[in-house]
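Trainee: Could you take me through one part of this model in detail? I would like to look closely at how two helices pack.

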Amino acid sequence: MNHDDRALMRRIRHGDEAAFTLLVTRHGGRMQGVARRLLGSRADAEDAVQRAFLKCFTAAAGYRPEWAVSTWLYRILANVCFDEMRRRRARPEVQQSPPARGRPDGTAERIDFDRALARVPDEARALLVLRYAEGLSYRELARVRGIKVNTVKSQLARGKSALRAALEEERR
């Protein structure tokens, strides 16, 4: 799929809307899942994914083919989500969205996990979701966040520790 995605990006660079629609179809669902886990709300996630794809379309000329398209898309999405999280912190009077409620099966474990994940610091939460829900490598994570691989490893370790602590508290 990487080769196909790169071909789509070449077409998108020239304004090909059909290629853009195909890229959205291929990656939209996974991006929605990442955004929901980072922002805690389906509506906010949908807005973030739309903004990320708009940036993808308008910045297609800046795409570098040595990157996997999915890595580039996750980088854009992560930045959009971090902007939204900063806006939320800057407006404390605005009611925060409740933590995500998980999948339609509604299991208590999924709800506990999502609540605990929402309490992990933003950067660590993004890395945890991209690593364990989306399967990105350490190198891909470093590219997505613009940091060194060793920094990814240490932030993931801190994130896992924070998640464990939050899960233990959720279970009490």
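Mentor: Happy to; here is the setting, followed by the helix pair itself. This is a predicted model, where local features need pLDDT of at least 70, side-chain atom pairs count only at pLDDT 80 or more, and totals for chains, interfaces and linings use all residues. Residues are numbered from 1 along each chain as its sequence is written, and side-chain values use heavy atoms, with hydrogens and water left out.

The chain has eight helices and zero strands (DSSP runs numbered from the N terminus: helices are H or I, at least four residues; strands are E, at least two). Of its 172 residues, 42% are buried, meaning under 20% relative accessible area with a 1.4 Å probe, protein chains only.

Now to the pair. Helix α7 spans residues 138–145 and helix α8 residues 149–171; their axes come within 8 Å and cross at roughly 95°. Axes here are lines fitted to C-alpha atoms over the stretch in contact, with angles running from 0 to 180 degrees between N-to-C directions. That crossing makes α7 roughly perpendicular to α8, the term for angles of 65 to 115 degrees.

On the α7 side, Y138, R139, L141 and A142 make the contact, and α8 meets them with V149, V152, K153 and L156; contact means heavy atoms within 4.5 Å. By class, this contact has six nonpolar, two charged and no polar residues. Nonpolar covers Ala, Val, Leu, Ile, Met, Phe, Trp, Tyr, Cys and Pro, charged covers Asp, Glu, Lys and Arg, and polar covers the others, Gly among them.

Definitions and conventions: Parallel < 35°, antiparallel > 145°, perpendicular 65-115°, else oblique. Buried < 20%, exposed > 50% of the residue type's maximum accessible area, 1.4 Å probe, protein only.
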